[in-house]
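Let's take a walk through a protein model together. Have a look at the sequence and the 3D view below, and then we will go from place to place.

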Amino acid sequence: MSSLTELYEKIAKCEACRLCKQRKRAVPGEGREDAEIMFIGEAPGWHEDQQGRPFVGPAGQFLDELLQSISLKRSEVYIANVVKCRPPGNRDPLPDEIGACRNWLDRQIELIKPKMIVTLGRYSMARFFPGGVISKVHGTARKSEGVTYFAMYHPAAALHQGSLRKVIMEDMLKIPSFLTQAEAASEEPSPQKAKKAEKVEKVEKVEKVEQAEPKQLSMF
Ligand code: URA
């Protein structure tokens, strides 16, 4: 069993906050275990609670469309939420509920090691863009310890406020170039590795020259 599957089993039994009492199913997250990009939403809604899967309701349909717009499939990415159980009546998650779930998300990130994390909505943004305001931060990226963080409005925002649909679609189109940059940066060798490679290259060059011009053996 993979470490991620083991984690899902623990999340399914979690009773760290009041949300466990009314859930039908916990919604740990799903997707590629080695995904380069991870999308993090807020909390499961009714549909997600029924199925135990993230973003399978109307907001999820829009997320699927957004992924398609940049030629990505759900199976190629990882999708999770800040909070793993549905808050009753789809209310906003409370600070202690977010706190109780924090370690689960941390562990998921540790296991998946994404190069890019896309935050969907205010609660996810608050975690990775501390002090940020969604109306200013959306569509922008920051980099920290080798991971690129990119903030977006929550897909459900477009369902409540039609004018945000275009903004969300435009922000999504910025992802491929940030992802390419993040991938390229992770392939750059560290300064120590670069030095080591330089030394090996020098030794190889000397050996090649010596092979090409064998030393004349003295007859005397
Ligand atoms: N909204 C979220 O933030 N997450 C889901 O999984 C579904 C709707």
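Which element gives the largest share of the lining of the largest cavity? The answer is α4, with three residues. Before we go further, please keep in mind that this is a predicted model.

Let's stay with that cavity for a moment. The structure holds one cavity of 30 Å³ or more, and the volume of the largest cavity is about 90 Å³. Its lining is made up of 13 residues, and Cys-14, Cys-17, Leu-19, Cys-85 and Cys-101 are those that lie nearest the centre. If you sort the lining by class, you get 11 nonpolar residues, no polar ones and two charged ones.

Leu-19 can lead us to another residue, because Leu-19 is among the residues that Arg-86 touches when those up to four places away in sequence are not counted; the others are Pro-44, Gly-45, Trp-46 and Asp-49. You can find Arg-86 in the loop between β3 (78–81) and α4. Try locating Gly-45 as well: along the chain, Arg-86 and Gly-45 are 41 residues apart, yet their C-alpha atoms are separated by 5.6 Å.

The helix α4 also has a partner to look at. Helix α1 (residues 3–12) packs with helix α4 (residues 95–112) at an angle of about 170°, and their axes are 10 Å apart. How do two such helices run relative to each other? An angle over 145 degrees counts as roughly antiparallel, and α1 and α4 are therefore roughly antiparallel to each other. On the α1 side, the contact involves Ser-3, Leu-4, Leu-7, Tyr-8, Lys-10 and Ile-11, which meet Trp-104, Arg-107, Gln-108, Leu-111 and Ile-112 in α4. Sorted by class, the residues of this contact are seven nonpolar, two polar and two charged.

Now turn to a second pair of helices. The axes of α3 and helix α8 (residues 164–172) cross at roughly 40° and come within 9 Å. That angle makes α3 oblique to α8. The crossing in which α3 passes α8 is right-handed. From α3, the residues in the contact are Phe-62, Glu-65, Leu-66, Leu-67 and Ser-69, while α8 brings Arg-165, Ile-168, Met-169 and Met-172. Here the classes come out as six nonpolar, one polar and two charged.

The helix α3 takes us on to the largest pocket, which has a volume of about 640 Å³. Two or more residues of its lining come from each of α2 (46–51), α3 (58–69) and α7 (155–160). Of these, α7 gives the largest share, four residues. In total, 24 residues line the largest pocket, and Glu-42, Ala-59, His-154, Ala-156 and His-160 lie nearest its centre. The lining has 12 nonpolar, eight polar and four charged residues.

Our last stop is the second largest pocket, where about 160 Å³ of space lies. Which helix gives the largest share of its lining? That is helix α9 (residues 175–187), with four residues. The residues that line this pocket are Arg-32, Asp-34, Glu-36, Ile-37, Ile-70, Leu-72, Glu-76, Ile-175, Pro-176, Leu-179 and Glu-183. See if you can sort them yourself: the lining of the second largest pocket divides into six nonpolar residues, no polar ones and five charged ones.

Terms used
Residues are numbered from 1 along each chain as its sequence is written. This is a predicted model: local features need pLDDT of at least 70, side-chain atom pairs count only at pLDDT 80 or more; totals for chains, interfaces and linings use all residues. Side-chain values use heavy atoms; hydrogens and water are left out. On a 1 Å grid over the protein atoms alone, a cavity is a set of points where a 1.4 Å probe fits but cannot get out, and a pocket is an open set with protein on both sides within 12 Å along at least five of seven lines; lining residues have an atom within 4 Å of a point. Grid points are joined across faces, edges and corners, and a volume is the space filled by probe spheres set on the points. Ala, Val, Leu, Ile, Met, Phe, Trp, Tyr, Cys and Pro count as nonpolar, Asp, Glu, Lys and Arg as charged, and the others, Gly among them, as polar. Axes are lines fitted to C-alpha atoms, for helices over the stretch in contact, and angles run from 0 to 180 degrees between N-to-C directions. Angles under 35 degrees count as roughly parallel, over 145 as roughly antiparallel, 65 to 115 as roughly perpendicular and the rest as oblique. Contact means heavy atoms within 4.5 Å. A crossing is left-handed if the near helix is turned anticlockwise from the far one by less than a right angle, and right-handed if clockwise.
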